[in-house]
Amino acid sequence: MNPQLTIVLVGACAAVACALPGTFLVLRGMSLLGDAISHAVLPGIVIAFLITNSASTLPVVIGASMLGLLTVFLIEALHRTGRVKEDTSIAVVFPALFALGVLLVARYTGQKDLDQECVLYGEIAFAPDNTIVLLGHEISQPLVVLAGVAVLNLVLILALFKELKIATFDAPLAAALGLSPVLVHYLLMGTVSVTTVACFESIGAILVVAFLIVPAATAHLLTDRLGVMLGLACTIGAVSSTGGYYLARALDGSIAGCMAATMGAAFGVAWLLAPREGIVARALRSRRRKEQFARALVLERLGRSQASHGELVAGLRWPEDRVREILAALTTAELARTDGDAFSITPAGHDFVQQVVGS
Amino acid sequence: MDFTLLTVMAGAGTLGIVAGALGCFTVLKRQSLLGDALAHAALPGVCLAFLFGSAVGIDPRHPLLLLGGALLTAWLGTLVILGITRTTRLKQDAALGIVLSVFFGVGIALLTAIQHTNLGASQAGLDKYLFGQAASLLPHDVWLMAGLGSLVLGTIVVLFRHFQLIVFDPVYAGSIGVRVRLIEVVLTSLVVVAVVVGLQTVGVVLMAAMVVTPAAAARQWTHRLSTMVVVAGIFGGAAGALGAWTSSLASRLPTGPIIVLWATALLLVSLLLSPRRGLLWAAVRRARNRRRIRAENLLKDLWRLGEHDGRGDVARAVTDVLAVRAAPRRAIDEARAAGLVRVDGSMIRLTPDGKKRAAEVVRNHRIWELYLSRRLELADDHLHRDAEDMEHALDTAVLDEIDAALGYPSHDPHGRPIPRGTTA
Amino acid sequence: MRASPAPAPPEATALEFHDLTVAYHTKPVLWDVDLSVPSGHLVAVVGPNGAGKSTLLKSALGLVPLSSGYVRVFGQAYDDVRTRVAYVPQRESVDWDFPASVFDVVLMGRYGRRGWFRRPDAGDRRTAREALERVGMAEYADRQISRLSGGQQQRTFLARALAQDADLYMMDEPFAGVDAVTERAIIALLRELRDRGRTVVCVHHDLQTVREYFDWVVLLNMRLVAAGPVDEAFLTEKLQATYGGRLGILETAATQLLTERQGRSTK
């Protein structure tokens with residue numbers, strides 16, 4: 001297979017595999033557990049690597065990801081002693097495990113094909129060279145594993161869609177329906193662990209966090225519906241990872257690093273321009289709201305008794321021009337009417353106040 | 001000890017003291033992962049500063065230049081985190097994760113791009129910001145660290161009461177005229193400085209632990225903020241110096257991870273052994289309590305058997321007694337060791353001490369049941385389980401008061417007599 | 001505390017809200033509230049959940065941005081009279097696992113009064129100790145705050161406010177989740193403050209005790225529904241207007257009780 005295409009496909013498969021569980025991490029407010037797992041699986045991977053000289057066969061992936069589950073368990077156990085808060089528990093457990101992993105890497109660097117930098121950002125460029133023979137074709141092993149994990153995650157999420165949805169948005173209801181929150185939690189964390197380990201060789205322990213969280217967070221800004229969000233997260237992840245590859249070629253820099261950067265750029269665009277959640281949309285909404293408030297406040301006064309421009313300025317202590325502007329707008333919209341100097345409220349004006357205040 | 005090692009130990013120790021002391025505030029403010037995100041966000045700054053230095057022709061590896069770049073992007077990272085949480089529906093965790101991973105990705109992309117250009121051998125120097133390279137610390141690096149560290153510690157001393165107040169009760173702080181936002185900005189800036197100071201020693205990835213772990217350990221030893229700050233500084237400094245020393249003992253022992261593992265070891269010791277919060281003591285207390293409860297239950301069962309068949313405290317078959325609640329055999333050994341029962345072959349009976357204690361336990365149980373039934377109007381079938389837990393926990397003084405308040409009743413809600421004194 | 005009972009502050013009005021509107025995001029929390037609270041009273045702020053009661057206090061303390069209108073405390077901007085005001089936040093708003101003793105927390109009441117960069121001196125410590133005595137917590141001065149009961153936490157907060165030696169006390173639900181003994185102790189203390197000419201404004205939830213505890217009341221549900229002496233403002237129809245259809249079982253019972261009392265008093 002064409003090496004370029006292989007790399008693009010590996011990136012896209014990693015992005016899809018990560019975005020699926022990542023969406024639930026973001027929705028459940030557990031993004032940092034993903035961060036913790038991705039760091040903490042390192043010692044498991046190193047040990048697996050030292051034994052088998054490869055980190056990307058499925059048994060190794062599953063074996064090493066047990067450490068991810070252990071991390072989640074340790075974080076919870078430490079938190080539950082009541083001696084440290086949850087965020088602190090995360091922040092002390094994963095660096096310790098990661099430090100252990102780095103120490104192992106340093107001890108054995110050179111003896112095996114493993115070095116410190118690879119831990120941080122992987123080497124997706126080697127993916128085309130690491131091949132196995134499948135159905136008579138020579139094919140990249142990381143591609144096979146990542147595609148496998150992506151399909152696995154997809155099947156799992158489709159099969160448990162309803163359960164995951166209820167457990168994420170209405171935990172009490174889930175418990176009442178007999179869905180064990182603990183089981184759902186550990187299933188999700190197990191998925192994150194397996195995915196992280198599978199991604200390790202290509203994108204490293206830290207950049208995988210970008211793959212898990214950033215496309216999912218971007219999708220969250222664009223939609224309210226879970227199904228749509230999952231689809232969007234996968235698409236955004238795959239498209240930006242492909243974009244990242246070409247950016248890396250232009251820059252002659254790390255491919256995985258550039259993929260994370262393009263994901264960040266995609267998030268930035270959504271943050272600015274998302275139709276409802278974006279900064280621009282929010283600013284416009286807030287300005288409109290402020291204007292409505294001002295009009296409703298003026299109407300509120302007119303509702304008590306009719307008043308002249310001068311009286312309103314004195315009462316509200318707003319600038320004269322501002323009040324004149326609002327009165328003009330109100331009369332045009334027939335929310336208020338004028339009778340010589342005096343302004344008074346119309347029935348439509350009463351409705352308007354009700355609508356602004358009551359919402 | 002040679003001079004190089006002393007230099008490295010001094011540098012790592014300084015970093016530990018500064019990060020540890022400052023970490024107390026971030027840990028108490030529940031922002032433990034802020035340091036992690038900021039450390040990652042500093043990486044692109046280091047690379048950009050290097051590129052800038054190369055472009056304008058000043059020494060691109062000058063520590064002040066690189067620190068300046070790191071400060072800049074770490075600060076930018078803080079602003080982005082704040083911006084995301086303020087203006088979108090995303091929560092703090094997602095904001096931290098986004099900044100951490102994207103900034104780091106940009107940093108890695110720049111770093112590798114620099115490595116692939118021919119900006120000279122100097123590029124190699126940037127690698128050390130990933131995992132740190134304490135061995136590369138030179139005296140002037142340590143002086144720089146000490147200078148920035150003094151700045152951080154001095155600010156903590158001067159603004160101690162401000163920090164205490166905005167961490168404990170920010171709303172109240174605002175009401176008495178503290179400019180909460182401003183103080184928060186100062187605090188975050190200090191974290192940025194401490195993180196950046198640590199980059200060269202432990203690297204961006206492990207910096208989080210230097211901020212959080214010593215503070216979490218110190219919290220176990222004290223209930224005063226000022227003491228906690230001092231202890232965290234000592235723990236951090238000790239982890240730094242010990243780590244630097246340990247890693248000099250053999251080759252291929254990178255300093256950063258070793259320092260973090262030392263700090264983690266200090267935390268584990270603190271969690272287990274600190275005098276008031278130690279988990280070991282708590283476990284010992286729990287075990288002792290369980291033993292006491294087992295013994296008391298045994299006494300109660302003996303008493304009840306006596307009530308049930310009206311034969312009082314005659315000797316009974318051990319197997320019958322244990323069968324009441326499927327108690328383990330060692331309950332009897334423990335009660336015998338405490339002098340509460342006498343065992344004679346396969347028969348068991350209460351000693352006078354045991355009888356007195358049994359009467360107390362039964363009285364407590366029944367008075368508590370009566371109290372629940374009368375005052376809280378709990379249904380009869382709920383009473384027993386609650387009383388089972390409380391009879392062991394309530395002290396006698398409290399029960400005397402309840403007894404008095406109930407008017408010294410003679411029978412429990414199930415109509416069984418409440419023993420008073422040793423004669424039931 | 002001051003050596004002799006201080007005379008009532010010369011200002012007749014403790015708090016003035018002028019056409020105050022406050023909004024979080026796009027939803028108004030307080031709408032066009034126009035209110036003045038006379039000084040020297042024990043004032044309850046009453047209304048359903050989400051009615052803007054806490055926000056009303058916070059707006060006076062400059063803790064929330066105002067969409068329109070303004071607030072005056074003793075006729076001045078809050079920043080100019082800050083040392084005459086003490087605020088007691090909701091007990092649940094802080095993490096009681098913070099490493100501090102009861103005395104440390106009470107001493108915080110002196111921070112705003114003396115220079116921020118000076119260590120609290122003997123006078124500050126004495127004031128803090130006296131405040132603890134007045135709330136009956138003197139023997140708990142060295143107790144870790146993580147080991148206090150709800151009532152003791154509330155008393156600690158109260159002592160911190162007393163240590164500020166203010167003319168106006170603003171308290172957010174001082175009776176929430178405290179035991180009966182503490183509730184009686186707190187109300188006795190608040191009355192004593194009132195009798196010495198201080199003004200006390202409490203966000204209050206228990207309609208049944210309004211009449212007994214307070215002499216002035218503010219009924220709030222985003223808009224101001226009524227305000228005035230309890231006898232004039234705390235009336236069934238006003239309460240119904242405040243709570244709308246949202247009167248819970250307890251509130252309904254309280255309203256019935258009130259109606260009966262009113263019926264009796266008119267006979």
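With which residue does Asp19(C) form a salt bridge, and how far apart are the closest N and O atoms? In the predicted model examined here, the partner of Asp19(C) is Arg301(A), and the closest N and O atoms of the two side chains are 2.4 Å apart. Because Asp19(C) lies in strand E1 (residues 13–24) of chain C and Arg301(A) in helix H13 of chain A, the pair joins two chains. Both Asp19(C) and Arg301(A) are buried.

A further salt bridge involves helix H13 of chain A, which spans residues 279–304. The side chains of Glu300(A) and Arg223(C) meet with an N to O distance of 2.6 Å, and since Glu300(A) belongs to this helix while Arg223(C) belongs to strand E9 (residues 223–229) of chain C, this pair also joins two chains. With a relative accessible area of 16%, Glu300(A) is buried, because the cut-off for burial is set at under 20%. Arg223(C), by contrast, has a relative accessibility of 27% and therefore counts as partly exposed.

Over all chains, the count comes to 42 salt bridges. One of them lies within chain B, where Lys29(B) pairs with Glu184(B), the closest N and O atoms being 3.2 Å apart. This pair links distant parts of the chain, given that Lys29(B) is placed in the loop between helix H1 (3–28) and H2 whereas Glu184(B) is placed in helix H9, 155 residues apart. Glu184(B) has a relative accessibility of 24% and so counts as partly exposed. Salt bridges also link Lys85(A), Arg30(B), Arg219(B), Arg277(B), Asp95(C) and Asp97(C) in a network. In general terms, side chains of opposite charge can pair when their charged atoms come close.

Lys53(C), a residue of helix H1 (residues 53–60) of chain C, provides a contrasting case. Its side chain is charged, and Lys53(C) is buried, yet it has no salt bridge, the nearest side chain of opposite charge, that of Glu173(C), being 5.4 Å away. This distance lies outside the 4 Å limit for a salt bridge, which is why the two residues are not counted as a pair. The side chain of Lys53(C) instead reaches the backbone oxygen of Pro48(C) at 3.0 Å. When neighbours within four places in sequence are left aside, the contacts of Lys53(C) include Val45(C), Val46(C) and Gly47(C), as well as Val203(C), His204(C), His205(C) and Leu220(C).

Chain C as a whole comprises 10 helices and nine strands. Of its 267 residues, 57% are buried, and among its contacts with a separation of 6 or more, 71% are between residues 24 or more positions apart. Helix H4 of this chain, residues 122–134, has 13 residues and reaches 18 Å from its first C-alpha to its last, close to the 18 Å expected at 1.5 Å a residue. At the N-terminal end, Asp121(C) caps H4(C) through a side-chain oxygen that lies 3.0 Å from the backbone nitrogen of Gly123(C). Gly123(C) is itself among the buried residues of the helix, as are Asp124(C), Thr127(C), Ala128(C), Ala131(C) and Leu132(C), and the buried residues of H4(C) pack against helix H3 (102–111) and helix H5 (150–163) of chain C. The helix is followed by Gly136(C), which has a positive phi, near 75 degrees.

The largest nonpolar core contains 237 residues, of which Phe98(A) and Leu190(C) touch the most other members. Helix H9 (residues 180–219) of chain B contributes the largest share of this core, 25 residues. Residues up to four places away in sequence not being counted, Leu190(C) touches Leu42(C), Met171(C), Phe175(C), Val200(C) and Cys202(C). Apart from the largest core lies another, of 30 residues, including Leu30(C), Val81(C), Leu168(C) and Met170(C).

In chain B, Leu34(B) is found in helix H2 (residues 34–56) and is buried, with a relative accessible area of 5%. Beyond its neighbours within four places in sequence, Leu34(B) is in contact with Ile81(B), Leu96(B) and Thr188(B). The C-alpha atoms of Leu34(B) and His414(B), residues that are 380 positions apart along the chain, are separated by 59 Å.

Definitions and conventions:
Residues are numbered from 1 along each chain as its sequence is written. Chains are lettered from A and ligands numbered from 1 in the order in which they are written. This is a predicted model: local features need pLDDT of at least 70, side-chain atom pairs count only at pLDDT 80 or more; totals for chains, interfaces and linings use all residues. Side-chain values use heavy atoms; hydrogens and water are left out. Helices (H or I, at least four residues) and strands (E, at least two) are DSSP runs, numbered from the N terminus. The expected span of a helix is 1.5 Å times one less than its number of residues. Buried means under 20% relative accessible area, exposed over 50%, partly exposed in between (1.4 Å probe, protein chains only). Contact means heavy atoms within 4.5 Å. A polar contact is a pair of N or O atoms within 3.5 Å; within protein, one must be able to donate a hydrogen and the other to accept it, and residues adjacent in sequence count only if both atoms are side-chain atoms. A nonpolar core is a set of buried Ala, Val, Leu, Ile, Met, Phe, Trp, Tyr and Cys residues joined through side-chain atoms within 4.5 Å.
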